[in-house]
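Here's a quick briefing on who sits next to what in this one. Have a look at the sequence and the model, then read on for the ligands and the empty spaces.

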Amino acid sequence: MKTYSIAAIPGDGIGCEVTAEAVRAVDTAAERFEFSVTWTEFPFGAEYYLKHGVGLPESAFRELADFDALLLGAVGDPRVKPGPLEQEILLALRFHFDQYINLRPASSFPGVPTPTAIPGDQALDVAVVRENTEDLYMGLGGAGKDSFRTDLAAKRGLYDLTGAVDLGFSTPTEAGFSLGLMTAKGIERVTRYAFNLARGREEAIVHAVSKANAVPHLYGFWDKHVGETAAREFPDMTLKFVNVDAACYLLARQPFDWGVVLCPNLFGDIVSDLLSALAGGLGLAAAGNIGDSLSMFEPVHGSAPDIAGQGRANPLAAILSAGLMLDHIGEKDAARAVERAVRDYLASGAEMPIELGGAASTEQAGQGVREQLRKAAAR
Ligand code: NAD
Ligand code: IPM
Ligand code: MN
């Protein structure tokens with residue numbers, strides 16, 4: 001029997017609650033498809049940070065490297081100011097393991113109302129391909145007063161970057177800045193992934209989200225290299241650029257017109273939350289951070305402190321993310337079965353998750369999916 005070693009970082013808030021259900025769904029799928037999973041849980045999150053003063057110890061990167069995949073819940077806690085947990089855990093993992101693709105599929109589900117009416121002959125079936133290592137997420141920046149110099153450094157799979165920025169103001173003032181940066185190689189690899197994904201979906205069009213009109217140095221550079229990669233490697237396919245503002249407008253009106261949406265890091269973050277609402281809810285939105293070494297699977301949503309500890313979180317996004325993980329490690333049948341079970345649960349007439357207007361707690365919704373997984377095995 002095949003055995004997989006999978007690491008789990010449940011994290012904070014509802015991250016812990018939904019990860020427990022995702023783990024159970026994977027175990028149920030493993031029973032049915034006759035493979036086994038050994039889980040190793042890591043305690044990283046707010047508690048660990050408050051105790052040790054760091055998001056992750058250096059040793060974690062070495063330890064995690066040996067796993068077949070990583071399942072993450074969410075990090076973020078009201079006791080810690082915005083930034084350190086997200087940067088030192090989530091972003092640090094994405095960057096360290098060079099998980100350059102953030103794949104965020106959004107599709108409508110049976111029985112789940114969508115805010116936009118979807119014509120009977122159409123479907124909402126979008127895949128956001130978000131560049132996951134560059135853009136304004138480089139972490140390059142600083143703040144100072146009047147005239148100041150900031151040294152910059154970043155480490156990525158593709159390069160080590162060093163430099164400095166000198167700023168001076170004619171009138172004394174305090175100022176802060178962040179440097180957005182993209183490289184040709186960084187853009188090429190995510191563009192290639194998006195086009196191959198579209199091809200696999202038997203679609204001839206990729207929409208690339210941009211904002212070259214207002215931020216030409218960064219997003220004009222993005223357009224140039226997305227365009228050149230598409231023309232060189234996918235001459236038979238069509239690339240359409242859309243400014244991010246117009247993209248949000250058009251997506252909200254007619255999301256069923258879209259397929260693969262290629263985004264720079266920041267716009268991809270925003271567009272994927274919008275799409276999750278259009279598809280029915282953040283509690284249904286799954287994601288994979290994919291690279292050539294350790295890949296990490298996590299729901300699109302965060303730790304939701306407003307509902308944490310109440311059993312109100314919808315675990316389906318985490319379960320669907322675990323489904324993406326099963327697909328990634330090669331358990332394709334199990335992956336399909338997990339997605340099917342989520343759909344069957346939603347269509348079954350069973351109590352819906354609280355997020356979707358029902359009364360099913362996190363555990364009850366997880367249980368509902370496992371029942372469908374077992375039922376399908378018996379059929
Ligand atoms: P959030 O995604 O946690 O919550 C946004 C809203 O959606 C909240 O009203 C929440 O209750 C609701 N929601 C989210 N997931 C839900 C679910 N599964 N079921 C039902 N309702 C759900 O976004 P936020 O409030 O901006 O962030 C909270 C914290 O999470 C912050 O610290 C943020 O930095 C962090 N965060 C972490 C990740 C991650 O670790 N991957 C992602 C996003 C945000
Ligand atoms: C996400 C989150 C993260 C991001 C935050 C928590 C840093 O919003 O995974 O979508 O911006 O990528
Ligand atoms: Mn986000």
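Ligand 2 has an oxygen atom 2.8 Å from an N or O atom in the side chain of Arg-130. Bear in mind that this is a predicted model, so treat what follows as a reading of that prediction. After ligand 2 come ligand 1, the domains, the largest pocket and the largest cavity.

**Ligand 2**

- Arg-104 does a similar job to look at: an N or O atom in its side chain is 2.9 Å from an oxygen atom of ligand 2.
- Asp-269 joins in too, with a polar side-chain atom 2.8 Å from an oxygen atom of the ligand.
- On its own, ligand 2 has 320 Å² of accessible area, and the protein covers 77% of it.
- The residues surrounding ligand 2 are Glu-86, Leu-90, Arg-94, Arg-104, Arg-130, Tyr-137, Asp-269 and Val-300.
- Sort that shell by class and you get five charged residues, three nonpolar and no polar ones.
- Which element gives the most to the shell around ligand 2? That's helix 4 (residues 84-96), with three residues.

**Ligand 1**

- There are 20 residues around ligand 1, and the ones that come nearest are Glu-86, Glu-298, Gly-302, Ala-304 and Asp-306.
- Glu-86 is worth a second glance, as it turns up around ligand 1 and also around ligand 2.
- Backbone atoms show up here: a polar one of Val-75 is 2.9 Å from an oxygen atom of ligand 1, and a polar one of Ser-303 is 3.0 Å from an oxygen atom of the ligand.
- A nitrogen atom of ligand 1 has a backbone partner as well, with a polar backbone atom of Asn-314 at 2.9 Å.
- Taken alone, ligand 1 exposes 800 Å², and 69% of that is buried by the protein.
- By class, the shell around ligand 1 holds ten nonpolar residues, six polar and four charged.

**Domains and the largest pocket**

- The domain assignment splits the chain into domain 1 (1-103 + 292-379), domain 2 (114-134 + 182-279) and domain 3 (141-181).
- Going by C-alpha atoms, the centres of domain 1 and domain 3 are 36 Å apart.
- Why does the largest pocket lie between domain 1 and domain 2? Both domains give residues to its lining, so the pocket lies between them.
- The volume of this pocket is about 720 Å³.
- Its lining has 28 residues, with Leu-103, Pro-105, Leu-324, Asp-327 and Glu-339 nearest the centre.
- Two or more lining residues come from each of strand 4, strand 5 (125-131), helix 5 (184-200), strand 13 (286-290), helix 9 (316-329) and helix 10 (332-347).
- In class terms, the pocket lining is made of 16 nonpolar, eight charged and four polar residues.

**The largest cavity**

- How many cavities of 30 Å³ or more does a search of the whole structure find? One.
- The largest cavity holds about 90 Å³ of space.
- It is lined by 14 residues, and those nearest its centre are Pro-105, Ala-106, Ser-276, Ala-279 and Ala-285.
- Strand 4 (101-107) and helix 8 (265-279) each put at least two residues into that lining.
- Pro-105 does double duty, lying nearest the centre in the list for the cavity and in the list for the largest pocket.
- The cavity lining divides into nine nonpolar residues, four polar and one charged.

How values were computed:
Residues are numbered from 1 along each chain as its sequence is written. Chains are lettered from A and ligands numbered from 1 in the order in which they are written. This is a predicted model: local features need pLDDT of at least 70, side-chain atom pairs count only at pLDDT 80 or more; totals for chains, interfaces and linings use all residues. Side-chain values use heavy atoms; hydrogens and water are left out. A residue is near a molecule or strand if one of its heavy atoms lies within 4 Å of it. A polar contact is a pair of N or O atoms within 3.5 Å; within protein, one must be able to donate a hydrogen and the other to accept it, and residues adjacent in sequence count only if both atoms are side-chain atoms. Accessible areas come from the Shrake-Rupley method with a 1.4 Å probe; for residues, only the protein chains shown count as cover. Ala, Val, Leu, Ile, Met, Phe, Trp, Tyr, Cys and Pro count as nonpolar, Asp, Glu, Lys and Arg as charged, and the others, Gly among them, as polar. Domain bounds come from an automatic or database domain assignment. On a 1 Å grid over the protein atoms alone, a cavity is a set of points where a 1.4 Å probe fits but cannot get out, and a pocket is an open set with protein on both sides within 12 Å along at least five of seven lines; lining residues have an atom within 4 Å of a point. Grid points are joined across faces, edges and corners, and a volume is the space filled by probe spheres set on the points. Helices (H or I, at least four residues) and strands (E, at least two) are DSSP runs, numbered from the N terminus.
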